[in-house]
Amino acid sequence: MAETIAPSTGQAAPARSAVAARLLAFGVVLGLLGLLAWGLTGDRTRIGTVPLEGKPAPDFELERFDGGTLRLSHLRGRPVVLNFWASWCQPCRDEAPLLEATARARPDVVFLGMNIQDKRPDAEAYLAQFGISYPNVLDANGAVSIDYGVSGIPETFFIDRTGRIAKKWIGPLNESQLRQYLERIAS
C-alpha cells in the first residue's frame with residue numbers, strides 16, 4: 001500500500017510576505033508625504049541654525065571698502081549693529097536709508113555693514129547711492145556669514161558692549177524695531 005502525503009500549498013508564506021511588503025511601502029510613502037507637508041508648511045527659520053543670541057559674536061577681521069581692515073573685537077565696549085546686505089537685495093535697499101539716518105543720529109552706537117554675495121563694483125555703487133557713511137566690510141569668501149548662520153539677507157545682529165549678540169533680526173528693519181533693539185544694546 002502506498003502512503004499518501006498531503007500536498008503542501010506553499011501559498012500562506014508568500015501571501016504574508018506580499019502584504020508585509022505593501023505595508024512597508026505604504027509606510028515609507030506616507031512618511032515621505034508627511035515630510036513634504038511639513039517642509040511646505042513648517043517653521044524652517046530654526047533648521048540648520050545655531051542660536052547665537054546671548055553668545056559672543058564671532059570675531060572677524062575683514063577689508064573695509066574705504067581702505068584698511070576692521071576687526072570686530074576692537075569694537076568691544078561699544079554697542080554694534082551688524083547688518084548683512086547685498087546690492088541686488090531689494091529689502092536691503094529699502095532699509096538702507098533708515099540705517100544710515102539712524103547711524104548718523106546715534107554716534108554712541110557703531111553701525112557696521114557686511115556685504116556678501118556681491119560684486120565689489122556693485123557694492124561700492126550701492127554705498128555711494130545711499131550715502132552710507134558708516135564702515136562696511138566685504139565678506140568675500142562668505143566665511144563670516146557662515147559663522148553667523150546667515151540664511152538670507154538682510155539680517156541684522158545687535159551686539160552689546162560685552163561683545164555678546166543680544167538680538168538677531170531676519171529681514172528688513174523698520175524704525176520701531178530698530179529703536180527697540182538699539183535700546184537693548186545701548187542702554
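**Close-up views of a predicted model**

Buried residues account for 40% of the 187 residues in the chain. The structure is a predicted model, and the legends below describe selected views of it.

**View 1. The whole chain and its order of elements.** The chain contains five helices and seven strands. Read from the N terminus, the elements follow the order α-β-β-β-α-β-α-β-α-β-β-α. Of the contacts between residues at least 6 apart in sequence, 71% link residues at least 24 apart.

**View 2. The largest nonpolar core.** This core has 50 residues, and Phe60, Phe84 and Tyr148 are those with the most contacts inside it. Two or more core residues come from each of the strands β3 (80-85), β4 (110-115), β5 (136-138), β6 (155-159) and β7 (165-170), and from each of the helices α2 (90-105), α3 (120-129) and α5 (175-186).

**View 3. The surroundings of Phe84.** Which residues does Phe84 touch, leaving out those up to four places away in sequence? They are Cys92, Met114, Ile116, Val144, Ser145, Tyr148, Val150, Ile153, Pro154, Glu155 and Phe157. Two of these partners, Ile153 and Pro154, are joined by a cis peptide bond, with omega near 0°. Pro154 belongs to the loop between α4 (143-147) and β6. Another partner, Tyr148, is listed with Phe84 among the residues with the most contacts inside the largest nonpolar core.

**View 4. Packing of helix α2 against helix α5.** The axes of α2 and α5 are 11 Å apart, and the two helices pack at an angle of about 40°. An angle of 35 to 65 degrees falls in the oblique class, and α2 and α5 are therefore oblique to each other. The crossing of α2 past α5 is right-handed. On the α2 side the contact is made by Leu98, Leu99 and Thr102, and on the α5 side by Glu175, Leu178 and Leu182. Sorted by class, the contact has four nonpolar residues, one polar and one charged.

**View 5. Thr102 at the helix contact.** Thr102 is part of helix α2. Is this residue buried or exposed? Thr102 has a relative accessibility of 13% and so counts as buried, since the limit for buried is under 20%. Apart from residues up to four places away in sequence, Thr102 touches Phe111, Leu178 and Leu182. Leu178 and Leu182 are also among the α5 residues that make the contact with α2.

**View 6. Arg93 on helix α2.** Arg93 is also located in helix α2. Its relative accessibility of 23% places Arg93 in the partly exposed class, because that class lies between the limits of 20% and 50%. Beyond its neighbours within four places in sequence, Arg93 is in contact with Ser87, Tyr126, Gln129 and Phe130. One of these partners, Tyr126, is 33 residues from Arg93 in sequence, and the two C-alpha atoms are 8.3 Å apart.

**View 7. Gln117 in the loop after β4.** Gln117 sits in the loop between β4 and α3. What is unusual to note about the backbone here is given by phi, which for Gln117 is near 50°, a positive value in a residue other than glycine. Gln117 has a relative accessible area of 59% and is exposed.

**View 8. Pro51 and Tyr148.** Pro51 is found in the loop between α1 (12-41) and β1 (61-63). With a relative accessible area of 52%, Pro51 is exposed, because exposed means over 50%. Along the chain, Pro51 and Tyr148 are 97 residues apart, and their C-alpha atoms are separated by 9.3 Å. Tyr148 is one of the residues with the most contacts inside the largest nonpolar core.

**View 9. His74 and Glu61.** His74 lies in the loop between β2 (69-71) and β3. At a relative accessibility of 64%, His74 counts as exposed. His74 and Glu61 are 13 residues apart in sequence, with 9.6 Å between their C-alpha atoms.

Methods. Residues numbered from 1 in each chain as written. Predicted model: local features only at pLDDT ≥ 70, side-chain atom pairs only at ≥ 80, totals over all residues. Heavy atoms only, no water. Core = buried A, V, L, I, M, F, W, Y, C linked by side-chain atoms within 4.5 Å. Buried < 20%, exposed > 50% of the residue type's maximum accessible area, 1.4 Å probe, protein only. Helix = DSSP H or I, 4+ residues; strand = E, 2+ residues; numbered from the N terminus. Contact = heavy atoms within 4.5 Å. Axes fitted to C-alpha atoms, helices over the stretch in contact; angles between N-to-C directions. Parallel < 35°, antiparallel > 145°, perpendicular 65-115°, else oblique. Left-handed = near helix turned anticlockwise from the far one by under 90°. Nonpolar A, V, L, I, M, F, W, Y, C, P; charged D, E, K, R; others polar.
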